[in-house]
Each structure stands twice: as C-alpha cells, then as structure tokens.
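Dear colleague,

Here is the structure I said I would pass on. My notes on the disulfide, the cavity and the nonpolar cores follow below.

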Amino acid sequence: MTTPLRRTRGIRLALTGALLAGLTLLTTAGPALADDPSASASPAGDEAGPTEAGTTFRTATALKQGRSGTAQASAGDYLYWVFPADAGQRPTVEATVKLPESAARRGTSTWQVDVYDGLRRRQACMYGHQTRKAAADAATVELSCVLRPVRAWSEPWANDPLPGSYYIRLTVVDLPAADLGLPVDVEVKTSIKELGGGHDRGGALAEPLVPGVSVASAGETDDTSASGVPRTLATGEPEDGWASGWWTDRWLWTVGGGVLAALAAVFGYSLTRGRGRPAHVPPGT
C-alpha cells in the first residue's frame with residue numbers, strides 16, 4: 001500500500017522533472033530558431049542572377065534574397081538593385097568592384113554602397129565597410145552593409161527599417177577626372193538573417209513598402225497606368241511570402257511561460273498543504 005508520504009514524494013519528483021524539461025525547452029528553442037542555418041539565410045540555389053544593373057530607383061534590377069547579381073559599368077555610373085526584406089529579418093548587402101588595370105588608372109578612388117528602404121529613406125548600417133578607398137594599384141574593392149532588423153511597424157516620425165523593397169546604390173564618390181568612364185565589373189549579393197519573434201514590437205503595416213502594391217491591391221492589375229505609362233513592380237516578395245496573420249514564435253514563449261507558471265503553482269501547493277491527517281489518527285478527532 002502506497003503511503004501519503006510516498007505519493008507526495010512522487011508528485012514532487014514528477015513536477016520537478018516537468019519544470020526542468022520546460023526550462024530546457026525554453027532555453028534551447030530560441031537559439032535553435034535563430035541559429036538554424038536553413039533559417040538564417042536564403043538558399044542560393046542554382047538560378048543565375050541578373051547580369052545588369054539599373055541606373056535609377058525606377059529602373060533598379062530586382063534581386064532575390066540570398067542571390068547575387070553582376071554588372072559591367074563605367075566608373076562614375078550610379079548602379080541600382082532592389083530586393084525584398086520582411087519583418088524580423090536583418091539584411092546584409094555585399095558588393096565587390098573589380099577595378100581596371102593599375103596602368104590605366106591615375107590615382108586612388110573611393111567607392112560607397114548605400115541602402116534605401118521602400119520610402120527611399122537612406123538606412124544606416126549597423127556595421128560593415130560602407131565606404132572604402134582603393135589604392136592606385138588595387139585590383140578590387142569590397143564593401144558591405146549590415147542593416148538594422150526590419151520592424152513590422154514603426155512610428156511615423158521614426159526612420160526604422162520596414163517591410164518592403166530595399167534599394168542598393170553603388171557608385172564611386174571620389175575619383176580622378178582622368179579615370180571617369182573606365183570599365184569596372186561589379187558583383188552584389190544580399191543575405192538575410194532570420195531573427196525570430198524576439199524583435200516583434202506589435203502592430204503591422206497594411207501593405208509592405210513595395211512600389212505599386214497599393215495599386216495592385218485595389219484591383220488594378222493591368223500593365224499600364226491611367227496615363228498610359230507602363231507600370232511594373234520594382235521587386236517581388238520573399239520566397240515564403242510577406243509576414244501576415246497573428247502567428248509569431250513569441251507564442252511559443254507565451255504558452256511555455258504559462259505552462260511553467262501552472263506547474264510552479266501546483267508544486268508550491270503540494271509543498272504548503274502539508275501531509276494531511278496522519279494515518280494513526282481516526283477521522284473526526
């Protein structure tokens with residue numbers, strides 16, 4: 001026959017095991033979601049990227065997440081690409097410029113990569129080499145820009161990155177006049193790190209900041225605007241689509257916290273209620 005003391009010890013051991021299992025789940029689930037290689041960057045795949053770049057925001061060449069694009073241009077040109085970024089993602093832009101032979105150049109040059117959001121607001125880089133100087137004998141110059149995490153919603157006065165199109169602009173900002181027009185080869189690449197629900201701040205945009213999305217959502221799907229000018233969307237959307245709905249991995253933490261709180265309450269009650277009436281004391285005494 002099982003005594004009340006043994007039953008109490010069994011309950012305590014079971015609750016302790018459940019608490020430890022819940023704590024282990026919460027402490028490992030978050031990093032696993034954030035550090036999973038399949039979630040931190042989009043697969044490059046075998047699809048070839050574009051081989052040209054636009055010269056304005058309106059003609060920017062579309063890039064997919066995690067893909068690279070190349071272009072042949074002249075020193076002094078403004079080169080534009082555009083790619084999508086969604087809430088909870090942290091985009092990184094990398095650019096490599098292959099310079100002409102040193103014998104053809106007259107001096108040093110300074111190159112710069114800038115990133116603009118769907119409202120064409122210049123976004124600051126968290127870190128990276130956004131501007132770099134190339135010596136007269138340098139063969140290449142490499143640039144990078146790691147943006148801040150994209151937020152689902154922001155105050156009107158803030159300059160936070162928001163879901164939508166992001167424009168890359170690459171150009172030389174300092175160059176000897178004799179070197180203008182020299183041919184250069186350029187490669188740009190975008191990568192995305194998924195940060196998860198830890199960066200959710202509540203609220204969401206009605207539509208991502210993609211040129212033409214409001215027109216398309218209103219039902220105007222023809223290829224020309226009312227003025228007869230051809231209309232094209234600057235870029236597509238992430239492979240998994242834009243974030244929508246109520247689900248976020250923060251719900252895992254919310255539900256896990258509720259379960260742990262309930263287990264802790266049951267465990268505390270089992271500790272404070274006592275062992276009950278001793279077996280040798282008859283009822284009613």
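Cys125 and Cys145 are joined by a disulfide, with an S to S distance of 1.9 Å. Please keep in mind that this is a predicted model. A search of the whole structure finds this one disulfide. The link between Cys125 and Cys145 is left-handed, with -105 degrees about the S-S bond. Cys125 sits in strand 7 (residues 125–127) and Cys145 in strand 9 (residues 140–147), so the bond ties together parts that are 20 residues apart in sequence. Cys145 has 0% relative accessibility and therefore counts as buried.

Next, the nonpolar cores. In soluble globular proteins, nonpolar side chains tend to be buried together. The largest nonpolar core here has 31 residues, and those with the most contacts inside it are Trp81, Phe83, Val97, Trp111, Leu170 and Val186. At least two residues of this core come from each of strand 2 (68–74), strand 3 (79–85), strand 4 (89–98), strand 5 (109–116), strand 9, strand 10 (164–174) and strand 11 (183–194). Another core, of six residues, lies apart from it; Phe57, Ala60, Val82 and Tyr116 are among its members.

Last, the empty space. There is one cavity of 30 Å³ or more, and the largest cavity holds about 60 Å³. Its lining includes Ala75, Leu99, Pro100, Trp111, Leu175, Leu182 and Val184, along with Arg105, Gly107, Ser109 and Asp179. By type, the lining residues are seven nonpolar, two polar and two charged. Trp111 thus appears twice in these notes: in the lining of the largest cavity and among the residues with the most contacts inside the largest nonpolar core.

Regards

Technical notes. Residues numbered from 1 in each chain as written. Predicted model: local features only at pLDDT ≥ 70, side-chain atom pairs only at ≥ 80, totals over all residues. Heavy atoms only, no water. Disulfide = S-S within 2.5 Å. Helix = DSSP H or I, 4+ residues; strand = E, 2+ residues; numbered from the N terminus. Buried < 20%, exposed > 50% of the residue type's maximum accessible area, 1.4 Å probe, protein only. 1 Å grid on protein atoms, 1.4 Å probe; cavity = no way out; pocket = protein on both sides within 12 Å on 5 of 7 lines; lining within 4 Å. Points joined across faces, edges and corners; volume = space filled by probe spheres on them. Nonpolar A, V, L, I, M, F, W, Y, C, P; charged D, E, K, R; others polar. Core = buried A, V, L, I, M, F, W, Y, C linked by side-chain atoms within 4.5 Å.
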